[in-house]
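Subject: Structure handover

Hello,

Here is the structure you will be working with, followed by notes on what was found in it. Please read the notes with the model open beside you.

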Amino acid sequence: MAAKIIDGKAVSAAVKEQVRAEIERDCIKAGLAVVIVGDDPASRVYVNNKKKACELCGIKSFEYALPAETTQEELLELVDTLNNDDNVDGILVQLPLPKHLDEGAVIERISPKKDVDAFHESNVGKIMIGSYAFLPCTPAGCMELIHSTGVDVAGKECVVIGRSNIVGKPMAMLLLHENGTVTVCHSKTKNLAEVCARADILVAAVGRPNFVTADMVKEGAVVIDVGINRLENGKLCGDVKFDEVSEKAGWITPVPGGVGPMTIAMLMKNTLTAAKQKKQ
Ligand code: NAD
């Protein structure tokens with residue numbers, strides 16, 4: 001039987017509407033600063049989408065488009081200025097940065113209270129112990145999509161393919177916090193297909209088009225496809241071979257229109273959280 005499609009656009013619209021309504025109801029002033037260095041076209045698209053989402057939610061957005069040759073000192077100086085700016089509740093530095101810049105040092109310079117990406121070491125640590133203000137946007141968005149299916153994570157076999165700091169590792173932690181039995185797979189995993197086929201909830205964050213095939217998926221599983229891969233013909237494609245997996249899974253996210261829209265919605269939610277915490 002064909003899988004039900006998890007509509008990321010609809011879930012994302014609902015999250016943004018909740019953010020908008022709360023900002024309006026409680027007259028909250030929230031501001032997000034987005035810093036982009038250089039002219040990577042994909043980053044440009046993301047930044048524009050973030051700006052649009054801010055407008056929709058009633059969040060003031062401040063954009064800093066810096067030239068590719070910006071120095072580390074100049075970038076850190078801007079981060080310091082934004083850390084001290086009361087109108088700015090959240091700071092997002094669009095990654096990847098040009099190669100001559102030290103991403104780690106920039107992330108660590110952002111005030112943890114304004115770290116709406118939740119990449120700062122102190123926020124990563126808080127997520128590990130389950131006491132956090134912000135969750136990283138993409139894994140948090142995946143959790144919202146799982147919740148939208150009505151499937152309870154507790155006690156389920158959950159398999160995450162990928163162990164990156166921004167997706168795979170925090171994703172595994174969030175599933176664990178909801179009492180899933182979690183396995184993390186990566187490029188050195190043996191019997192990958194077998195491990196994946198045990199999953200009631202399978203999250204693919206590999207970055208390889210059509211990597212997950214039907215033989216790797218359990219009948220009726222919830223399949224969350226984080227991958228965004230650009231094919232030679234210009235089309236976007238996920239990590240999951242949608243046509244065949246959707247015949248076997250119970251629930252599946254499409255690409256585009258699945259996890260992608262959720263990331264920005266969760267960023268709006270984190271910015272609202274930062275603004276509310278400032279008031280406390
Ligand atoms: P990454 O390259 O940092 O990590 C990929 C992971 O996949 C690694 O941990 C690696 O061990 C694992 N891997 C690679 N080859 C493998 C193999 N053959 N078998 C098993 N595991 C393998 O990538 P990332 O930043 O985690 O992103 C993953 C994908 O998600 C990319 O396509 C990226 O574009 C996408 N992404 C989407 C969003 C979104 O908003 N939807 C956000 C972030 C990333």
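The largest cavity in this predicted model has a volume of about 70 Å³. Its lining is made up of Ile91, Leu92, Val93, Leu95, Ile107, Ile110, Asp115, Asp117 and Phe119. By class, these lining residues are seven nonpolar and two charged, with no polar ones. Strand E4, which covers residues 90-93, gives the most to this lining, with three residues.

How many cavities of 30 Å³ or more does a search of the whole structure find? The search finds two. The second largest cavity has a volume of about 40 Å³. The residues that line this second cavity are Val34, Val47, Lys50, Lys51, Cys54, Ser61, Phe62 and Glu63. Two elements, helix H2 (41-57) and strand E3 (60-66), each give two or more residues to that lining. H2 gives the most, with four residues. The lining of the second largest cavity has four nonpolar residues, one polar residue and three charged residues.

Next, the ligand.

There are 21 residues around the ligand, and those that come nearest are Arg163, Ser164, His186, Ile228 and Thr263. Sorted by class, the shell consists of nine nonpolar, 10 polar and two charged residues. Helix H10 (residues 259-279) supplies the largest share of the shell, three residues.

Which atoms of the ligand lie 2.5 Å and 3.5 Å from polar side-chain atoms of Ser164 and Arg208? For Ser164, the partner at 2.5 Å is an oxygen atom of the ligand. For Arg208, the partner at 3.5 Å is a nitrogen atom of the ligand. Ile228 takes part through its backbone: a polar backbone atom of Ile228 is 3.0 Å from an oxygen atom of the ligand. Taken alone, the ligand exposes 850 Å², and the protein buries 73% of that.

There is also a pocket to look at. The second largest pocket has a volume of about 230 Å³. It is lined by 14 residues, and the ones closest to its centre are Leu135, Ala140, Glu144, Met266 and Lys269. The elements that give two or more residues to this lining are helix H6 (137-149), helix H7 (168-177) and H10. H10 thus appears in the lining of this pocket and in the shell around the ligand. The classes in the pocket lining are seven nonpolar, four polar and three charged.

Two residues in regular elements come next. Ile127 lies in helix H5, residues 121-129. Ile127 counts as buried because its relative accessibility is 5%, and the cut-off for buried is under 20%. Ile127 and Leu174 are 47 residues apart along the chain, and their C-alpha atoms are separated by 8.1 Å. Ala33 is found in strand E2, residues 31-37. With a relative accessible area of 0%, Ala33 is buried. The C-alpha atoms of Ala33 and Asn210 are separated by 35 Å, and these two residues are 177 apart along the chain.

The last group concerns the backbone. Most residues other than glycine have a negative phi, and most peptide bonds are trans. The residues below are listed with that in mind.

- The peptide bond from Leu95 to Pro96 is cis, with omega near 0°. Pro96 lies in the loop between E4 and helix H4 (103-109). Leu95 was named above among the residues that line the largest cavity.
- Val255 and Pro256 are joined by a cis peptide bond, with omega about 0°. Pro256 is in the loop between strand E11 (251-252) and H10.
- Ala118 is not a glycine, and its phi is positive, near 60°. Ala118 lies in the loop between H4 and H5.
- Asn179 also has a positive phi, about 70°, although it is not a glycine. Asn179 is in the loop between H7 and strand E6 (181-185).

Are Ala118 and Asn179 buried or exposed? Ala118 has a relative accessible area of 3%, so it is buried. Asn179 has 53% relative accessibility, so it counts as exposed, the cut-off for exposed being over 50%.

Regards

Terms used. Residues are numbered from 1 along each chain as its sequence is written. This is a predicted model: local features need pLDDT of at least 70, side-chain atom pairs count only at pLDDT 80 or more; totals for chains, interfaces and linings use all residues. Side-chain values use heavy atoms; hydrogens and water are left out. On a 1 Å grid over the protein atoms alone, a cavity is a set of points where a 1.4 Å probe fits but cannot get out, and a pocket is an open set with protein on both sides within 12 Å along at least five of seven lines; lining residues have an atom within 4 Å of a point. Grid points are joined across faces, edges and corners, and a volume is the space filled by probe spheres set on the points. Ala, Val, Leu, Ile, Met, Phe, Trp, Tyr, Cys and Pro count as nonpolar, Asp, Glu, Lys and Arg as charged, and the others, Gly among them, as polar. A residue is near a molecule or strand if one of its heavy atoms lies within 4 Å of it. A polar contact is a pair of N or O atoms within 3.5 Å; within protein, one must be able to donate a hydrogen and the other to accept it, and residues adjacent in sequence count only if both atoms are side-chain atoms. Accessible areas come from the Shrake-Rupley method with a 1.4 Å probe; for residues, only the protein chains shown count as cover. Buried means under 20% relative accessible area, exposed over 50%, partly exposed in between (1.4 Å probe, protein chains only).
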